[in-house]
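User: I'm new to this and keep tripping over the labels people put on residues. Can you take me through a few of them?

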Amino acid sequence: APVAMHFWLLSAPAEGSKDAVFSKLQSTLGDLSTNYKMKIPDLKVGTLDSLMTLAEDLERIDRNVESVVHRIEKELREFSDGTAPTIDGGPVERVLTSFDWDQAQFPVKYSLSDIVGMFQDIVARADEELKSKLMDYNQLKSALAQAERKTQGGLNTRSIVDYVKKEHVVSTEKFSTVFLAVPKFAVTEFLNQYESWSEFSTDKEKLNGVVPRSALKVEEDQDYELYRVVVFRNAEDDFKGKARENRLTVRDFSFAEGQAVADKEERGKLKADTDKSGQQLQRWAKTSYTETFRAWVHLKAVRIFVESVLRYGLPANFQAVLVKPVRSGNETRLRQLLKQLYGHLASSDATEDKGGDESSQKWYPYVSIDVKVFSASSD
């Protein structure tokens, strides 16, 4: 499967000017990456305690939001044969690379925790709707698959409602009808023996439980022939047991006038309902993916702001840069160049943790947040 598109969202203090930070990074990294300025608005800092508390929560919130975004994307892919989703007719990553804070939806006059709460509300609502719509759609799909399975397979398993006519069925106080799927290789033996497969006793004598010459071929397929046999009711269980001993498949069946037509209409209705539910889910997913992805990117912007203030101090004066390694093989070299560029920001006792794969388990002298856009694959 194609690999996820991987960005690093970095920030460095504007020791000269923000433009100078970006220019220096561009010239240092060269053609190993494609880089984009990310304009972060002046958000309300609040108290240092509240900022530190929020910072602890943001990574967990980020993971939860990302999970919902990619679950919605997965549904979009399933309806579009794996094609990458788009936002406003363009590639998904453009929301990142051309990021512009939505002041109308997320006014910066609100506190950071309130803004993050807005993101969570959007995503939580989408998550609940996704679960509900998926459950409805999957129930319909399951019911349709079950109905269609009845029309598939051999005469030993599939529904026989389409083949049995009213005239095939004898059902009275004394007589009942048994339907059997007989393997073709066993038909001759069955026809020679079935009349002797059951008997029952009355007060006066023992009687044959099978109506002579009542075997009637109703239908056949490649491997089986479907027969109806008329038996006395009080010999029915005995006859069925003997049929099973002879490795025939007893098809339990109750005839109902118009059942074949009703079953066909039910399958048609299930198909129409399933298609309609799928279309509704697809339309919802397209809209919700856009909303949740935008909220997720804004959340990344809040994270880079919060972590930059905690790292570099106030007033907030830093440049955020989105770095896209040209190839995954470039990542080690890029980190080395970034360390050369920003190593002076590290305190003397700071060490870089090589132990983990997630950004939360690594430390760099600059702020670094992973952004994995799955616009080229589905996890």
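Analyst: Sure, let's start with burial: buried means under 20% relative accessible area, exposed means over 50%, and partly exposed is in between (1.4 Å probe, protein chains only). Both F293 and W296 are buried. This is a predicted model: local features need pLDDT of at least 70, side-chain atom pairs count only at pLDDT 80 or more, and totals for chains, interfaces and linings use all residues. Residues are numbered from 1 along each chain as its sequence is written, and side-chain values use heavy atoms, with hydrogens and water left out.

User: Why is D127 called buried?

Analyst: Its relative accessible area is 13%, and buried means under 20%, so D127 is buried.

User: What makes L310 partly exposed?

Analyst: L310 has 33% relative accessibility, which falls between 20% and 50%, so it counts as partly exposed.

User: Why is the pair of F293 and W296 called edge-to-face?

Analyst: Rings of Phe, Tyr and Trp (its six-membered ring) pair if their centres lie within 6.5 Å; planes under 30 degrees apart count as stacked, over 60 as edge-to-face and the rest as tilted. The centres of F293 and W296 are 5.5 Å apart and the planes are at 80°, so this pair is edge-to-face.

User: What makes R335 sit over the ring of W8?

Analyst: A charge sits over a ring if NZ of Lys or CZ of Arg is within 6 Å of the ring centre and within 35 degrees of the ring normal. The charged end of R335 is 3.7 Å from the centre of the W8 ring, and R335 also lies over the face of Y364, at 4.0 Å from the ring centre.
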